[in-house]
Amino acid sequence: MQRQRFTWRPLTLGRQIALLALLLCLGLGVGQGPTSPAWAGEGGTTAATAQGCATTPLFVGLDGRRYLEIRRAPAAQKLDEYVRRANARLLEVAQDHTVQPHQLVVQDEPPFSLVGIREEDGRFNPELAVGDRAAACFGVTRQQLALRYRDGMRRAITSYRGSHTLGSWLRGTALAALVLGFYILWLRVQGGLNRRLQRHFAERPRFMMQELSRLGLGGFVEADHVRQIMQWLRQVVHWSLVLVISYLLIPLLLGFFPPTAGIAEGLRGQIKTVVLGFLGGIVQAIPNLVSIGVIVVITVLAIRASQSWFRAVDHGRIRLPGFYQEWALPTARLVAILLCMAGLAAAFPYIPGSGSKVFQGAGLFIGALAALGSSAIASNIISGLMLIYTRAFREGDRVEINGVLGVVQDRALLVTRLQTPRNELVSIPNASVIGASVVNYSFSRREISQPVAIATTITIGYDVPWRQVHALMLAAAQSVPGITDEIDPFVLQTALNDFHISYELTAFVRAPDTYRQTLSEVLAALQDQFAAADVEILSPGYHAIRNGNRSTVPKQG
């Protein structure tokens, strides 16, 4: 006969949640009867205002459970001594099985109402005295307070005797073993789920990157970083659950045994206070959260509406006199920032804890940081706005700023970024850009539909006729494909130097993006044309009178 092997199967997520809820309810003592006196707290306002009543009451009870609330001791006795003796006497009565709870009665003997034991022979043994001043602490008569004390003592004795039996100890031990079994089972389930999540995060990093790319965050983080963050969050959640469930297990186990039932109740009271305080805070914050939600929705709708409107302006579907299309997207960003700031200002008073010291300290810290860096930041932001609305350049233009030649890749509020012909990215603060001369090679073609010109100067000796020089330079310009025929090139004589004449060729580029390449081709064409005509270019200058040196004209072939 073969032995069947037990196979461990992890619980489903629904069963795990149900098990967690069961442990939470048991840990908080849901379903157990109240252990504090039923009348505790009645007349609390009167007790706080009555003369001679203790601000912090003391309690008489058994096994850590409170049954009688004492705010004033009879006559001139000290409250703490009186309560200590009452606790000791109540324990003696509870352990004396010859005394039955129904034998506790109230007998009125002015100026006190006495709670005591009525013997079988009719004798009355007083145990507790209640005066008018003590009753005034609760806003009731002394007879009413004495009856409450009697009922509380009866409950205390009955509960104590019911829990201090062999059956109750065996039942508590069995329940504790059952709970420990569930706890161990849950630990195994939680450990298995934790290991499965660990393997899942380690084996499928692309899945997490895809999820981040949907949120627009895929370009800001790497897969390894995402995996490390997810593993860290997994560990935090796992150990947080283990600690919470373990803490809930302590009062649950202690509550099964009479000597530690009071400790268990104290722990449960702490947990209940935290949970109820948290839930109460959520309930109180619901109106403010609704207001914040409404403000967020209105702000988002306003931002989307403004972006749609400015996008229509950018595409030319809407035209505004004096408002250029290139202003649309930067203005949309500014409007979005202003709307966000307005929404934040409107929602801030509704944020829970916005008036606390923490928020005030954070505000001071942010204000200090803003004060330290505001001058440079504000200068660059204002300069960026001036560059946008003065239309000095736009993204994609070929410009030269502070000697840096390149194509505008980004025009932000703080910096302007240029991509040089060597694919270098140069970031220039807007405050520096606004104070420098900006040469825009793309402006004329875009704004006035005219090509931009290039100019280069060469020097030729006096022995060469100037008309021949003009013809050679114009022929060189016309031979370059990048020179447009929209405007004819021309040559100017700019200087009659001591040993040569300066000739300047001006030609117009077909596309500003090929400015440097076209200039290089024009210079090469000039060398070819003059070399073919056997004309010597005197750049740099040479003396016109020869001293035996060879000509600088290159040999053809």
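**Exercise 1. Find the bridge partner of Val106 in β4, and place this pair in its sheet.**

Solution. The model is predicted, so local features are taken only where pLDDT is at least 70 and side-chain atom pairs only at pLDDT 80 or more, whereas totals for chains, interfaces and linings use all residues. Residues are numbered from 1 along each chain as its sequence is written, and side-chain values use heavy atoms, with hydrogens and water left out.

Step 1. The bridge partner of Val106 in β4 is Val115. Strands here are DSSP runs of E with at least two residues, helices are runs of H or I with at least four, and both are numbered from the N terminus; two strands pair if DSSP finds at least two bridges between them.

Step 2. β3 (104-109) and β4 (112-118) pair in the antiparallel sense over 6 bridges, and Glu109 stands opposite Phe112 in β4. The two strands form a hairpin with 2 residues between them.

Step 3. On β5 (124-131), the pairing with β4 is again antiparallel and comprises 7 bridges, with Gly116 opposite Pro126. The hairpin of β4 and β5 has 5 residues between the strands, and Gly122 in this hairpin takes a positive phi near 95°.

Step 4. Together these strands make an open sheet of 3 strands in the order β3-β4-β5, with antiparallel pairing. Because β3 and β5 stand at the edges with a single partner strand each, one side of each is left without a neighbour in the sheet. Neighbouring strands of this sheet are turned by 30° against each other on average, direction ignored, where the axes are lines fitted to C-alpha atoms (for helices, over the stretch in contact) and angles run from 0 to 180 degrees between N-to-C directions.

Step 5. Of the 7 residues of β4, 5 are buried, and the strand is mostly covered; buried means under 20% relative accessible area, exposed over 50%, and partly exposed in between, for a 1.4 Å probe and protein chains only.

**Exercise 2. Locate the cis peptide bond that involves Pro111, and give its omega.**

Solution. The cis bond joins Pro110 and Pro111, and its omega is about 10°. Pro111 lies in the loop between β3 and β4.

**Exercise 3. Identify the residues that touch the most other members of the largest nonpolar core, and the elements that contribute to this core.**

Solution. Step 1. A nonpolar core is a set of buried Ala, Val, Leu, Ile, Met, Phe, Trp, Tyr and Cys residues joined through side-chain atoms within 4.5 Å. The largest one has 33 residues, of which Leu68, Ile70, Leu145 and Tyr149 touch the most other members.

Step 2. The elements that give two or more residues to it are β1 (58-62), β2 (65-70), α3 (79-95), β4, β5, α4 (132-136) and α5 (142-163). Apart from it lies another core, of 26 residues, among them Val452 and Val480.

Step 3. Leu68 also has a role in strand pairing, as the bridge partner of Val60 in β2. β1 and β2 run antiparallel and are joined by 5 bridges, and in their hairpin, which has 2 residues between the strands, Asp63 takes a positive phi near 55°.

**Exercise 4. Describe the disulfide, its handedness and its place in the chain.**

Solution. Step 1. With a disulfide taken as a pair of cysteine sulfur atoms within 2.5 Å, the count comes to 1. The bond joins Cys53 to Cys137, with an S to S distance of 1.8 Å.

Step 2. The torsion about the S-S bond is about -90°, so the disulfide is left-handed. The pair links distant parts of the chain, 84 residues apart: Cys53 lies in the loop between α2 (44-49) and β1, and Cys137 in the loop between α4 and α5.

Step 3. Both Cys53 and Cys137 are buried, while Cys340 is partly exposed, at a relative accessible area of 41%.

**Exercise 5. Characterise Asn423 and Asp534 by phi, location and exposure.**

Solution. Step 1. Asn423 has a positive phi of about 60° although it is not a glycine. This residue is found in the loop between β8 (415-419) and β9 (425-429), and is exposed, with a relative accessible area of 61%.

Step 2. Asp534, also a residue other than glycine, has a positive phi near 55°. Asp534 is placed in the segment after α15 (515-532) and counts as exposed at 60% relative accessibility.
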